[in-house]
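Reader: Hey, could you walk me through this one? I'm a first-year, so plain words please.

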Amino acid sequence: MSEPDPAELAGLAGLACALAQEAGEMLWTRRGQVHVVQTKSSPTDVVTEMDRAAEELIRRRLATERPDDSMLGEEGGQTGTGALVRWIVDPLDGTVNYLYGLPDWSVSIAAEVGGTVVAGAVCAPLHRSLYSATAGGGAWLRSAWLDGPQRLACNTGVRLADALVATGFGYESGRRRWQGQVVAEVLPRVRDIRRAGSAALDLCSVAAGRVDGYYERGVHYWDIAAGSLIAREAGAEVAGLAGRPAGESITVAAGQGLFAELHDLLARLDPERDG
Ligand code: IPD
Ligand code: CA
């Protein structure tokens, strides 16, 4: 596969959707069995046995369906090298919500070809929603609440003062202290702030127009790989500051017009430092 054609892209997206749904259903079915088994970057950064079980399930399925591909997963890291297609998997984005029985958690799966994300899916079982996108093919929502697939379009032309802006906070207390100062400067300048607890879903919310914009420092590639494609395919700009790519340092997403205003506000607030 050099430049994937639309049928190949649809195949990758279809598999991402099927696996995200299967893992999401397993997480929902076994939600009562959840315990913290490890902490990572800080005592609040938890891993449950269900994060691991969901990633294991996805790894097993990919090994059967696409044995030549490689995969980067939040829990198991990178397996396989040199493959043309790499899968980027967050088996449970919003682990803290899942642990507490809050509904904003998701399974996020993206497919990269030659280093570029070309297909992705985010499944949010408690929203009964499956978001997906292919490069150039638009972003779509399938939901038990809808009659058929709905093409997503982000909000455009929203002024910063009218914007509902989602954000998130890292797990390390020094970083949080500074993030609190940044958000304290953003809050009086926007309609309101939302902190849902799943970066993948935040980006899908931008795509669906449920929020106008999103920014966060400290997200990992697996948190945003699928959601960024979904937001972009819905018309949003997704990037870092000063023309840098979106990523761990900071990710900003919003529709036309708002992106520039949100970007410029954040750039003045020095959000890429830690307290
Ligand atoms: C977290 C969520 C959260 C974001 C954190 C992420 P996890 O992922 O996406 O919304 O604020 O930065 O680490 O730990 O639940 O997979
Ligand atoms: Ca995550």
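Author: Sure, one term before we start: buried means under 20% relative accessible area, exposed means over 50%, and partly exposed is in between (1.4 Å probe, protein chains only). Helices (H or I, at least four residues) and strands (E, at least two) are DSSP runs, numbered from the N terminus. With that, helix H5 (residues 199–208) is mostly covered, as nine of its 10 residues are buried.

Reader: Hang on, is this model predicted or what?

Author: This is a predicted model, where local features need pLDDT of at least 70, side-chain atom pairs count only at pLDDT 80 or more, and totals for chains, interfaces and linings use all residues. Residues are numbered from 1 along each chain as its sequence is written, chains are lettered from A and ligands numbered from 1 in the order in which they are written, and side-chain values use heavy atoms, with hydrogens and water left out.

Reader: ok, back to H5. Which residues are buried there?

Author: They are Ala199, Ala200, Leu201, Asp202, Leu203, Cys204, Ser205, Val206 and Ala207. After H5 comes Gly209, with a positive phi near 75°.

Reader: What coordinates the calcium ion (ligand 2)?

Author: Asp90, Asp93 and Asp223 do, each through OD, at 2.0 to 2.3 Å. Donors here are N, O and S atoms within 2.8 Å of the metal (3.2 Å for Na, K and Ca), and water is not among the atoms, so sites may look incomplete.

Reader: And what spacing do those donors follow along the chain?

Author: For the calcium ion (ligand 2) the spacing is D-x2-D-x129-D. Asp93 lies in strand E5 (residues 85–93) and Asp223 in helix H6 (residues 221–233), so this pair ties together parts that are 130 residues apart in sequence.

Reader: Asp93 and Asp223, buried or exposed?

Author: Asp93 is buried, at 7% relative accessible area. Asp223 is buried too, at 9%.

Reader: New topic: what surrounds ligand 1?

Author: 15 residues do, and the closest are Asp93, Gly94, Thr95, Tyr171 and Glu216. A residue counts as near if one of its heavy atoms lies within 4 Å of the molecule or strand. E5 gives the largest share of that shell, three residues.

Reader: Where does ligand 1 lie relative to the domains?

Author: Domain 1 (6–151) and domain 2 (160–269) both give residues to its shell, so ligand 1 lies between them. The domain bounds come from an automatic or database domain assignment.

Reader: Which backbone atoms are close to its oxygens?

Author: A backbone N or O atom of Gly94 lies 2.7 Å from an oxygen atom of ligand 1. For Thr95, a polar backbone atom is 2.9 Å from a ligand 1 oxygen, and a polar backbone atom of Ala199 is also 2.9 Å from an oxygen of ligand 1. Taken alone, ligand 1 exposes 370 Å², and the protein buries 96% of that; these accessible areas come from the Shrake-Rupley method with a 1.4 Å probe, and for residues only the protein chains shown count as cover.

Reader: Anything odd in the backbone, say at Arg128?

Author: Phi of Arg128 is near 50°, a positive value in a residue other than glycine. Most residues other than glycine have a negative phi. Arg128 sits in the loop between strand E7 (116–124) and strand E8 (129–134), and is partly exposed at 47% relative accessible area.

Reader: Last one, where is Arg217?

Author: Arg217 is in the loop between strand E13 (213–216) and H6, and is buried at 11% relative accessible area.

Note on methods: A polar contact is a pair of N or O atoms within 3.5 Å; within protein, one must be able to donate a hydrogen and the other to accept it, and residues adjacent in sequence count only if both atoms are side-chain atoms.
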